Amino acid sequence: MKLPRMECPDCGRPIAAGPVAGRVSKGRLWRHDPPGQARTPGGPLVSCGGSLRLVDLPGRNRQLEIAVPTTAGPAAEDRDPALF
Ligand SMILES: [Zn+2]
C-alpha cells in the first residue's frame with residue numbers, strides 16, 4: 001500500500017503517513033530521524049519530534065457520494081411488448 005507523504009511539522013520533510021484506526025481523515029507520521037542526526041550503530045534511537053504525530057490527510061474528509069441512476073423505470077427493451 002502506497003502511503004501519502006505529509007510534511008512533518010517539526011522538520012518540514014515529506015514523511016509517509018499511515019492510517020489511523022477509526023479516523024478516516026487522519027494519518028500518523030512514520031517514525032523518522034531528526035535532520036542532521038548521525039546514526040551510530042548500537043547507539044540510542046533518536047526520533048524527530050514530529051514522529052508519530054497525527055496529521056490531516058488530503059482528500060479523505062469528503063463525504064461519500066452515492067451514484068444516482070439517471071433513468072427512471074425499466075429500460076425500453078425490458079418492457080413487456082404486450083402492454084404497449
Ligand atoms: Zn520530522
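Where is the place of P34? In this predicted model, P34 is found in the loop between β3 and β4. This loop also holds H32, S51 and L52, and the description below returns to each of these residues after an account of the chain as a whole.

The secondary structure of the protein chain consists of 4 strands and 0 helices. Along the sequence, these elements give the pattern β-β-β-β. The chain has 84 residues, of which 19% are buried. About 7000 Å² of the protein chain is exposed, and carbon and sulfur atoms supply 55% of that area. Among the contacts between residues at least 6 apart in sequence, 38% join residues at least 24 apart.

A zinc ion is bound by the chain through four residues. Its coordination involves the SG atoms of C8, C11 and C48 together with the NE2 atom of H32, at 2.1 to 2.4 Å. The arrangement is tetrahedral because the 4 donor atoms subtend angles of 102 to 117° around the zinc ion. In general, the ideal angle for four tetrahedral donors at a metal is 109.5 degrees. Along the chain, the donors of the zinc ion are spaced as C-x2-C-x20-H-x15-C. C8 belongs to the loop between β1 (5-7) and β2 (14-20), whereas C48 belongs to the loop between β3 (23-29) and β4 (54-56), so this pair ties together parts that are 40 residues apart in sequence. Both C8 and C48 are buried.

The histidine donor, H32, lies in the loop between β3 and β4. Its relative accessible area is 8%, and H32 is therefore buried, the cut-off being under 20%. Beyond its neighbours within four places in sequence, H32 is in contact with C8, C11, R13, I15, V46, S47, C48, G50 and S51. This list includes C8, C11 and C48, which coordinate the zinc ion along with H32. The contact with S51 can be described in further detail, since a polar atom of the S51 side chain lies 2.9 Å from the backbone nitrogen of H32.

S51 is itself placed in the loop between β3 and β4. With a relative accessible area of 14%, S51 is buried. Apart from residues within four places in sequence, S51 contacts L29, W30, R31 and H32. L52 occupies the loop between β3 and β4 as well, but L52 is partly exposed, with a relative accessible area of 48%. The phi angle of L52 is near 65°, a positive value in a residue other than glycine.

P34, the residue with which this account opened, is buried at a relative accessible area of 17%. Residues up to four places away in sequence being left aside, P34 touches R13, V46, S47 and C48. The C-alpha atoms of P34 and V46 are separated by 7.3 Å, and the two residues are 12 residues apart along the chain. C48, one of the residues touched by P34, is also a donor to the zinc ion.

The nonpolar interior may be considered next. In soluble globular proteins, nonpolar side chains tend to be buried together. The largest nonpolar core of this model has 8 residues, namely M6, C8, I15, A17, L29, C48, V55 and L57. Two of its members, C8 and C48, are among the zinc donors. Another member is I15, which is in contact with P4, R5, M6, C8, L29, W30 and H32 when neighbours within four places in sequence are left aside.

Two further residues illustrate how the strands are placed relative to distant parts of the sequence. V20 lies in strand β2 and counts as buried at 16% relative accessibility. Residues up to four places away in sequence not being counted, V20 touches K26, G27, R28 and L54. V20 and L54 are 34 residues apart along the chain, with 8.4 Å between their C-alpha atoms. D56 is located in strand β4. With the exclusion of residues up to four places away in sequence, D56 touches M6, S25 and K26. The side chains of D56 and K26 are joined by a polar contact of 2.8 Å. The C-alpha atoms of D56 and R28 are separated by 8.8 Å, the residues being 28 residues apart along the chain.

Technical notes. Residues are numbered from 1 along each chain as its sequence is written. This is a predicted model: local features need pLDDT of at least 70, side-chain atom pairs count only at pLDDT 80 or more; totals for chains, interfaces and linings use all residues. Side-chain values use heavy atoms; hydrogens and water are left out. Donors are N, O and S atoms within 2.8 Å of the metal (3.2 Å for Na, K and Ca); water is not among the atoms, so sites may look incomplete. Four donors count as tetrahedral if all angles lie between 85 and 135 degrees; four count as square planar and six as octahedral if opposite donors are over 155 degrees apart and all others between 65 and 115; anything else is irregular. Helices (H or I, at least four residues) and strands (E, at least two) are DSSP runs, numbered from the N terminus. Buried means under 20% relative accessible area, exposed over 50%, partly exposed in between (1.4 Å probe, protein chains only). Contact means heavy atoms within 4.5 Å. A polar contact is a pair of N or O atoms within 3.5 Å; within protein, one must be able to donate a hydrogen and the other to accept it, and residues adjacent in sequence count only if both atoms are side-chain atoms. Accessible areas come from the Shrake-Rupley method with a 1.4 Å probe; for residues, only the protein chains shown count as cover. A nonpolar core is a set of buried Ala, Val, Leu, Ile, Met, Phe, Trp, Tyr and Cys residues joined through side-chain atoms within 4.5 Å.
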